[in-house]
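Me: Got a minute to go through a structure with me? I'll paste it here and then pester you with questions.

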Amino acid sequence: MAKTLLEVEGLKKYFPVKSGVFKRTVGFVHAVDDVSFSVSERETFALVGESGCGKSTTGRSILRILEPTQGKVIFDGENILSCSTEQMRKKRKDMQLIFQNPYSSLNPRMTVRMLLSEPLETHFNLSSKEVQDKVAWMLEEVGLAREHLDRYPHQFSGGQRQRISIARALITEPRFVVADEPVSALDVSIQSQILNLLMKLQRDMNLTYVFISHDLNVVRHISSNVGVMYLGQIVEKGETENLYERPLHPYTKALLSAVPSKDPLNKKKRIILQGDVPSPVNPPKGCPFHLRCDKVFGPCSSSRPELKEVEPGHHVACHLY
Ligand code: SF4
């Protein structure tokens, strides 16, 4: 069995809401509210949910790009939230982020050579030849050629730019990568090429991914385990195929009812969710989903359901189970 590389325990990220002349804190946005999951080495764990559910904030909090409010992020046995700035700087080469938008994540004034050399010069003490050899190797790994080295980001297509972003994230040979909607800004025709590239690099470089996406088809294609997020919380998690075939939480069922079944004879009835996602500034008491749930009953509006293992490896936060 693969070793656990990352454990996230009770992670919270609240943003203060300021108001008035003196900018007093009048409340908090509960962007991530008690999220726990673990990821084994060489596994892809996906976080999926509607826009604004807290999945990107979770990814950034794990990497301490955003400082978490509470919780633990245990990477390779060490709680990195206890690390000093200097200790964290050394860990960055092992924990990287692939951004959603390859148009804004690359400095337009830097050539590909500069963009890929920079992380090596920051984290390693290599000779100039070693840096250039590694840059050329990484560029080939992501499917680009040496003649691309002295071009600027605007001289590439969207798919090529995302390949450069991936190369920049992976050139330090990290062990763990958060990929935050890495294909959602790309044309559909390019998306599968980039997904296949990420899967190939995972095999070649023994990478562990947390993959963030709102696209249920993409998540099914790439992940082995998945957590479904709603209003800053994981409401269901488990092995991807099992969860897609047998969703338990009413929210997961509604999300998946919109995805065409693999079996053309098994037509699912589309569940249309009523109402909007409540504000994360004043999340509802009890179950976060109770204002939109078609199965709501007695305890749902007053008591928050815990995320419980209801069958081996399959967890759900719902009073029905
Ligand atoms: Fe619906 Fe109640 Fe389950 Fe929440 S706890 S998902 S409101 S049935």
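Me: Let's start at the front end. In what sense do strand S1 and strand S2 pair, and over how many bridges?

Reply: Before anything else, this is a predicted model. Strand S1 covers residues 4-19, strand S2 covers residues 24-40, and the two pair in the antiparallel sense over 13 bridges. To find your place, look for Leu6, which stands opposite Val39 in S2.

Me: And what sits between S1 and S2?

Reply: Four residues, which makes the pair a hairpin. Gly20 is in that turn, and its phi is positive, about 80 degrees.

Me: Which sheet does the hairpin belong to?

Reply: An open sheet of four strands, ordered S2-S1-S4-S5, with antiparallel pairing. S2 and strand S5 (78-79) are at the edges with a single partner strand each, so one side of each has no neighbour in the sheet.

Me: How many bridges hold S1 to strand S4?

Reply: Five, with S4 being residues 70-75 and the pairing antiparallel again. Lys12 has Gln70 in S4 as its bridge partner. On the next step along, S4 and S5 pair over two bridges, and there Phe75 is partnered by Glu78 in S5.

Me: What lies across that sheet?

Reply: Helix H1, residues 55-62, lies across S1, S2 and S4. The helix runs at about 115 degrees to S1.

Me: OK, new topic. What's the strand order in the eight-stranded sheet?

Reply: S6-S7-S8-S3-S9-S10-S12-S11, and that sheet is open with mixed pairing. Strand S6 (95-98) and strand S11 (308-311) are the edge strands, each pairing on one side only. Ignoring direction, neighbouring strands there are turned by 20 degrees against each other on average.

Me: Do S7 and S8 run parallel or antiparallel?

Reply: Parallel, with five bridges joining strand S7 (residues 176-180) to strand S8 (residues 208-213). Val178 has Val210 in S8 as its bridge partner. Helix H6, residues 188-205, packs on this sheet and touches strand S3 (44-48), S6 and S8. The direction of H6 makes about 160 degrees with that of S8.

Me: H6 sounds worth a follow-up. At what angle do H4 and H6 pack?

Reply: About 130 degrees, with their axes 11 Å apart. H4 and H6 are therefore oblique to each other. On the H4 side you have Trp137, Met138 and Glu141, and they meet Leu197, Lys200, Leu201, Asp204 and Met205 in H6.

Me: Which residues touch the most other members in the largest nonpolar core?

Reply: Met138, Val142, Ile166, Leu170, Leu198 and Leu201, out of 36 residues in that core. Helix H3 (112-123), helix H4 (128-141), helix H5 (158-170), S7, H6, S8 and helix H7 (216-222) each supply at least two residues. H6 gives the most, six residues.

Me: Take Leu170, then. What is Leu170 in contact with?

Reply: Leaving aside neighbours within four places in sequence, Leu170 contacts Met138, Val177, Leu201, Met205 and Leu207. There's also another core lying apart from that one, with 27 residues, among them Leu6, Ile80, Met88 and Val210.

Me: Switching again: where does helix H9 lie?

Reply: Helix H9, residues 250-257, lies across strand S9 (225-230) and strand S10 (233-239), at about 105 degrees to S9.

Me: Why call H9 largely enclosed?

Reply: Because seven of its eight residues are buried. Those are Pro250, Tyr251, Thr252, Ala254, Leu255, Leu256 and Ser257. They pack against H7, S9, S10 and helix H8 (240-245).

Me: There's a serine in there. Why does Ser257 count as buried?

Reply: Because its relative accessibility is 9%, and the buried label applies under 20%. The Ser257 side chain reaches the backbone oxygen of Ala254 at 2.8 Å. Not counting residues up to four places away in sequence, Ser257 touches Lys269, Arg270 and Ile271.

Me: Last one: is Asp276 buried or exposed?

Reply: Exposed, with a relative accessible area of 67%. Asp276 lies in the loop between H9 and S11. Measure it up against Lys90 if you like: the two are 186 residues apart in sequence and 42 Å apart in space, C-alpha to C-alpha.

How values were computed:
Residues are numbered from 1 along each chain as its sequence is written. This is a predicted model: local features need pLDDT of at least 70, side-chain atom pairs count only at pLDDT 80 or more; totals for chains, interfaces and linings use all residues. Side-chain values use heavy atoms; hydrogens and water are left out. Two strands pair if DSSP finds at least two bridges between them. Axes are lines fitted to C-alpha atoms, for helices over the stretch in contact, and angles run from 0 to 180 degrees between N-to-C directions. Contact means heavy atoms within 4.5 Å. Buried means under 20% relative accessible area, exposed over 50%, partly exposed in between (1.4 Å probe, protein chains only). A polar contact is a pair of N or O atoms within 3.5 Å; within protein, one must be able to donate a hydrogen and the other to accept it, and residues adjacent in sequence count only if both atoms are side-chain atoms. A nonpolar core is a set of buried Ala, Val, Leu, Ile, Met, Phe, Trp, Tyr and Cys residues joined through side-chain atoms within 4.5 Å. Angles under 35 degrees count as roughly parallel, over 145 as roughly antiparallel, 65 to 115 as roughly perpendicular and the rest as oblique.
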